[in-house]
Amino acid sequence: MVENTQPTNKVLPVHIKFPQRSPGAVRIATWNICGLAASQKKGFRYYVEAEDPDILVLTETKVNDSPVDPALKQRFPYTYWSCSNKKSYGGTAILSKIKPLFCTTELPGHPDPASIKGRLITLEFPNYYLIGTYVVNAGSELKTLDAKKEWNIHFEKYIRYLNKEKPVIWTGDLNVAPTEMDLTNAKKNWNKTAGYTEAETSAFNSILSPQEKDEPRLVDIWRKLHPLERHYTYFSYRFNCRGKGIGWRIDMFVVSEQLVERVKMCEIRSEIYGASDHCPVVMEIEAEL
């Protein structure tokens with residue numbers, strides 16, 4: 001068990017301060033907010049104001065329609081919301097200061113397009129694709145593992161196609177702990193708990209390291225920069241998991257291999273806890289999108 005040295009507050013403090021960004025870098029943040037309305041009551045805006053990202057990827061927004069929020073719209077002129085067909089369930093958003101060329105919320109080839117709603121947004125910029133995802137969860141007792149496998153098959157084809165066109169930045173709640181270092185009690189959870197099964201970890205590894213030698217590779221950039229560290233992005237509200245340091249690293253940034261040298265930093269904002277059961281992750285990349 002990881003010794004807990006992080007705050008366990010229920011709301012965010014009003015005053016939050018982060019180190020200044022690298023000169024010339026684009027700052028992208030991702031955060032599973034476990035419901036926009038609930039998060040806003042617990043200090044959501046204090047984080048956004050302090051981080052001041054150029055692009056903010058939100059997952060599990062639980063909104064039914066694109067919200068009208070003047071403060072967010074003023075900060076991010078370009079806002080894209082993907083809402084689930086299920087009321088107050090799922091949901092993904094990308095809020096950007098930078099105008100994209102194109103936006104899509106589709107996953108080509110998937111046999112059930114309705115199930116993709118609220119899970120995927122892709123923005124195309126002149127030099128990159130940015131993919132924000134709230135990946136399918138394998139569910140309690142792995143009841144929806146087959147749906148997760150279906151997602152993985154089509155998503156791998158999709159990101160592979162995009163990565164051949166131009167570099168890719170994939171972020172959001174990926175709902176997988178890639179290795180035993182990415183969760184507490186790995187042995188106990190192996191092949192029993194959603195997010196840490198052979199099917200899920202193998203699929204994720206296949207995306208990073210394709211079998212074909214000529215295929216462009218992708219890199220889990222936080223793990224690349226922190227090879228020996230155990231930090232988590234999700235702590236269940238149940239059983240006082242945050243207080244006990246029992247967590248999972250399932251929110252992350254995956255980037256095309258050719259972008260690795262341009263990444264100036266990638267950090268888990270462990271101190272941002274209280275407005276969600278997830279912590280934000282932020283990355284700075286040196287290059288114009």
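Modeller: Contact means heavy atoms within 4.5 Å of one another. The model under discussion is predicted.

Colleague: Which residues does Ile-221 touch, not counting residues up to four places away in sequence?

Modeller: Ile-221 belongs to the largest nonpolar core, which has 30 residues, and is among the five that touch the most other members. With residues up to four places away in sequence left out, Ile-221 touches Phe-253, Val-255, Val-260, Val-263, Cys-266 and Met-283.

Colleague: Which elements give two or more residues to the largest core?

Modeller: Beside Ile-221, the members of this core that touch the most others are Ile-55, Ile-169, Phe-253 and Met-283. Two or more residues come from each of β1, β2, β6 (120-124), α8 (221-225), β10 (251-256), β11 and β12.

Colleague: How many residues does the other core hold?

Modeller: This core lies apart from the largest one. Its members include Phe-18, Val-63, Ala-93 and Val-282, and the number of its residues is 23.

Colleague: In the open sheet that contains β1, which strands stand at the edges?

Modeller: The 6 strands of this sheet follow the order β3-β4-β2-β1-β12-β11, with mixed pairing. Neighbouring strands are turned by 10° against each other on average, direction ignored. The strands that pair on one side only are β3 (78-82) and β11 (263-268).

Colleague: Which residue of β4 does Ser-82 stand opposite?

Modeller: β3 pairs with β4 (residues 92-96) in the antiparallel sense, over 5 bridges. In β4, the residue opposite Ser-82 is Thr-92.

Colleague: Are the residues of β2 buried or exposed?

Modeller: Ile-55, Val-57 and Thr-59 point one way from β2, whereas Leu-56 and Leu-58 point the other way. The count covers both directions: 5 of the 5 residues of β2 are buried.

Colleague: In which sense do β2 and β4 pair?

Modeller: On the side of β1, β2 pairs in the parallel sense over 5 bridges, and Thr-30 has Val-57 as its bridge partner in β2. On the side of β4, Ile-55 stands opposite Ser-96. The pairing of β2 with β4, over 5 bridges, is antiparallel.

Colleague: At about what angle to β1 does helix α2 run?

Modeller: Helix α2 (residues 44-51) lies across β1 (25-32), β2 (55-59) and β12 (281-286). Its angle to β1 is about 165°.

Colleague: Why is one side of β5 and of β9 left without a neighbour in the sheet?

Modeller: The other open sheet has 6 strands in the order β5-β6-β7-β8-β10-β9, again with mixed pairing. The twist averages 15° from one strand to the next. β5 (102-104) and β9 (218-220) are edge strands, so each has a single partner strand.

Colleague: In β10, which residue is the bridge partner of Val-219?

Modeller: β9 and β10 pair over 3 bridges in the antiparallel sense. The partner of Val-219 in β10 is Val-255.

Colleague: How are α5 and α7 oriented to each other?

Modeller: α5 lies across β5, β6, β7 (129-134), β8 (168-173), β9 and β10, at about 165° to β7, while α7 lies across β8, β9 and β10, at about 125° to β9. The axes of α5 (residues 145-165) and α7 (residues 198-208) come within 10 Å and cross at roughly 0°. Angles under 35 degrees count as roughly parallel. The orientation of α5 and α7 is therefore roughly parallel.

Colleague: How many charged residues take part in the contact of α5 with α7?

Modeller: From α5, the contact includes Lys-148, Lys-149, Glu-156 and Arg-160; from α7, it includes Glu-200. The contact also has 6 nonpolar and 2 polar residues, and the charged ones number 5.

Colleague: What is the relative accessible area of Asn-175?

Modeller: Asn-175 lies in the loop between β8 and α6 (186-189). Residues that Asn-175 touches include Tyr-134 and Asn-137, as well as Lys-148 and Glu-200. Under 20% counts as buried. Asn-175 is buried because its relative accessible area is 8%.

Colleague: What is the approximate phi of Glu-60?

Modeller: Glu-60 is located in the loop between β2 and α3 (70-75), and it is buried, with a relative accessible area of 15%. Its phi is positive although the residue is not glycine, with a value near 50°.

Colleague: Between which helices is the loop that holds Asn-240?

Modeller: Asn-240 is not a glycine, yet its phi is positive, at about 55°. The loop of Asn-240 is between α8 and α9 (241-244).

Note on methods
Residues are numbered from 1 along each chain as its sequence is written. This is a predicted model: local features need pLDDT of at least 70, side-chain atom pairs count only at pLDDT 80 or more; totals for chains, interfaces and linings use all residues. Side-chain values use heavy atoms; hydrogens and water are left out. Axes are lines fitted to C-alpha atoms, for helices over the stretch in contact, and angles run from 0 to 180 degrees between N-to-C directions. Helices (H or I, at least four residues) and strands (E, at least two) are DSSP runs, numbered from the N terminus. Angles under 35 degrees count as roughly parallel, over 145 as roughly antiparallel, 65 to 115 as roughly perpendicular and the rest as oblique. Ala, Val, Leu, Ile, Met, Phe, Trp, Tyr, Cys and Pro count as nonpolar, Asp, Glu, Lys and Arg as charged, and the others, Gly among them, as polar. Two strands pair if DSSP finds at least two bridges between them. A nonpolar core is a set of buried Ala, Val, Leu, Ile, Met, Phe, Trp, Tyr and Cys residues joined through side-chain atoms within 4.5 Å. Buried means under 20% relative accessible area, exposed over 50%, partly exposed in between (1.4 Å probe, protein chains only).
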